[in-house]
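Student: Please take one part of this model and go through it closely. Then set that part against the rest of the chain. Keep it brisk.

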Amino acid sequence: MTIFTRRVLLKTAAAAGLAGIGASTMGRLAGLAAAKPDPVILKTASIQARLMDGAPTRNVLTYGEAGMPPVVRMRKGEPFAAQLINGIDDPTTIHWHGIRVPNRMDGVPFLVQPYVYLGDRFDYAFTPPDAGTFWYHPHCNTLTQMGHGLTGVIVVENPNDPEFDAEVVINLRDWRLGDDGQFIEQFRPRDAAKTGTFGTVRSANWLDQPQYDAPAGGLVRLRAAITDVTRIYAFRVEGAEAAVIALDGNPVPQRFTPDALLFGPGQRLELAIRMPDDEGAIVSLRDVRGTKPKVLATLRAVGGSLRRDLRGLGALEANPVQEVDVAGAKHIALALSATAENVPGDGICGSLGYSFWAINKVPWPGDTPDPTAPLAELKLGKSYVIDMENLTPHAHPIHLHGMSFKLLSSSTRVIEPLISDTYLIQPNEKVQLGFVADNPGDWLLHCHIIEHQKTGMTSYVRVV
Ligand code: C2O
Ligand code: CU
């Protein structure tokens, strides 16, 4: 038997400033599972925040009044509601990245909902079908709004999950700040045409290398979301045994040790970490990509050892994603390319004024009142395989809204049959993503390097 140290969990959450929002609590207290939950209020605000040494940064955007956007908690299969109140002078929306919501709750302006202007509200309500780690962000003027702070993590709990001794949630992102701590230009066109423009200050939960306490010898569930607009990470854990238990909100078919695991913007990693037995021992989560490895966050072992065993940790329940019928599936060709025409697009929702990228030769900045035709029209309930090919010399985290796909094969590597919503495709890679078109509506498909998305690498599929 293991001891569940709720106290440690709460302490960790408090230390992280992670005031979990219990969406389901009200419903349960009312004793009516089907009752309408009280909405979580997500009000955008422009604040000052200390993101580096020196002066606080002005014009930081968040949901709430201070600090990082809250970790929003939901429960698998239980109704959730949120009210977006726009407190900033820029139209906005909320997209629930990775959660299979009804189309009108998906937060994409023009395609599925109107802009929410300063002082206006929008009610979101849905029941998350899947448990796991997800995140939320605007889908409007995204480079600026996300770049300035509007990215938050979502935890969808499953009461049947195996027991951990602590949970740590980490929001990974950068900031483009000058030496004076103030925002500098959000992107450079020459970088947008390559890897995207990197931040100058890196953070985890808006902090530089935060440290969280966790019980010695205990099992920690670490949830990390890359909410940055550009950066691709390569994860490694040092100082403890660690296993990847879920990726992009879905349990992995086989657990493995993260060894420079490549992960792109929009993706989520869940680790089970077995803390060292000795009090005071430090475990670090690192990004080992590039020449300068970076410690992102650390965990410190506290108390007497709980002597847990990583191998004794039960399996996570699979999410109820329909099995794709590969043999009967229709194929959709999808080629990612660079466009030659460097002409300003006419998007009005934060167009960057350039067109560097294209999907099937069509550049579309997305979020415009006059979308190009859908990439494909899909029949509700039918199986499809996207044959995606990367004709560019850069990696792209390609995200599909509204439906989860299964990785079927890659031309360059052996891949596990993961269920996901975002695939980091490498240069010259061809990959097959299979899914059942079981969610009606218009669903965006785009690169999550936001400069790529906004300069052409966006399309959508229509399910009818
Ligand atoms: Cu993270 Cu179109 O979204
Ligand atoms: Cu891209």
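Tutor: Start with a term. A residue is called buried when its relative accessible area is under 20%, and exposed when that area is over 50%. Keep in mind that this is a predicted model.

Now take strand β10, residues 166–175. Of its 10 residues, 10 are buried, so the strand is largely enclosed by the rest of the structure. Look at the two faces. A166, V168, I170, L172 and D174 point one way. E167, V169, N171, R173 and W175 point the other way. Both sets are buried, and the charged residues D174, E167 and R173 are among them. The general rule is that side chains in a regular strand alternate between the two faces of the sheet.

Next, the partners. β10 pairs with β11 in the antiparallel sense, through 4 bridges. Within that pair, L172 has A204 of β11 as its bridge partner. β10 also pairs with strand β13 (residues 219–226), this time parallel, over 7 bridges. There, V169 is matched with R223 of β13. In general, strands of a sheet pair through backbone hydrogen bonds, either parallel or antiparallel.

Zoom out to the sheet. It is open and has 6 strands, in the order β11-β10-β13-β18-β15-β16, with mixed pairing. The edges are β11 (201–204) and β16 (250–256); each has a single partner strand, so one side of each lacks a neighbour in the sheet. From one strand to the next, the twist averages 25°.

For comparison, go to strand β30, residues 441–447. Here, 7 of 7 residues are buried. G441, W443, L445 and C447 point one way, while D442, L444 and H446 point the other. β30 pairs antiparallel with strand β25 (residues 396–400) over 3 bridges. In that pairing, H399 is bridged to H446. β30 also pairs antiparallel with strand β31 (residues 458–463), over 6 bridges. L445 is bridged to S459 there.

β30 also leads to a metal. C447 gives its SG atom to the copper ion (ligand 2), while H396 and H452 each give ND1. These protein donors lie 2.0 to 2.1 Å from the ion. Along the chain, the donors follow the spacing H-x50-C-x4-H. C447 has a relative accessible area of 0%, so it counts as buried. H452 is likewise at 0%, and therefore buried.

One more buried residue deserves a look. E429 sits in the loop between β28 (422–425) and β29 (430–436). Its relative accessibility is 0%, so this loop residue is buried too. The E429 side chain makes a polar contact with the side chain of S410, at 2.8 Å. Beyond its neighbours within four places in sequence, E429 touches residues including M388, E389, N390, R413 and Y423.

Finally, the whole chain. It has 5 helices and 31 strands. Of its 464 residues, 60% are buried. Take the contacts between residues at least 6 apart in sequence: 75% of them join residues at least 24 apart. The accessible surface comes to about 18,100 Å², and 53% of that belongs to carbon and sulfur atoms.

Definitions and conventions. Residues are numbered from 1 along each chain as its sequence is written. Chains are lettered from A and ligands numbered from 1 in the order in which they are written. This is a predicted model: local features need pLDDT of at least 70, side-chain atom pairs count only at pLDDT 80 or more; totals for chains, interfaces and linings use all residues. Side-chain values use heavy atoms; hydrogens and water are left out. Helices (H or I, at least four residues) and strands (E, at least two) are DSSP runs, numbered from the N terminus. Buried means under 20% relative accessible area, exposed over 50%, partly exposed in between (1.4 Å probe, protein chains only). A polar contact is a pair of N or O atoms within 3.5 Å; within protein, one must be able to donate a hydrogen and the other to accept it, and residues adjacent in sequence count only if both atoms are side-chain atoms. Contact means heavy atoms within 4.5 Å. Two strands pair if DSSP finds at least two bridges between them. Axes are lines fitted to C-alpha atoms, for helices over the stretch in contact, and angles run from 0 to 180 degrees between N-to-C directions. Donors are N, O and S atoms within 2.8 Å of the metal (3.2 Å for Na, K and Ca); water is not among the atoms, so sites may look incomplete. Accessible areas come from the Shrake-Rupley method with a 1.4 Å probe; for residues, only the protein chains shown count as cover.
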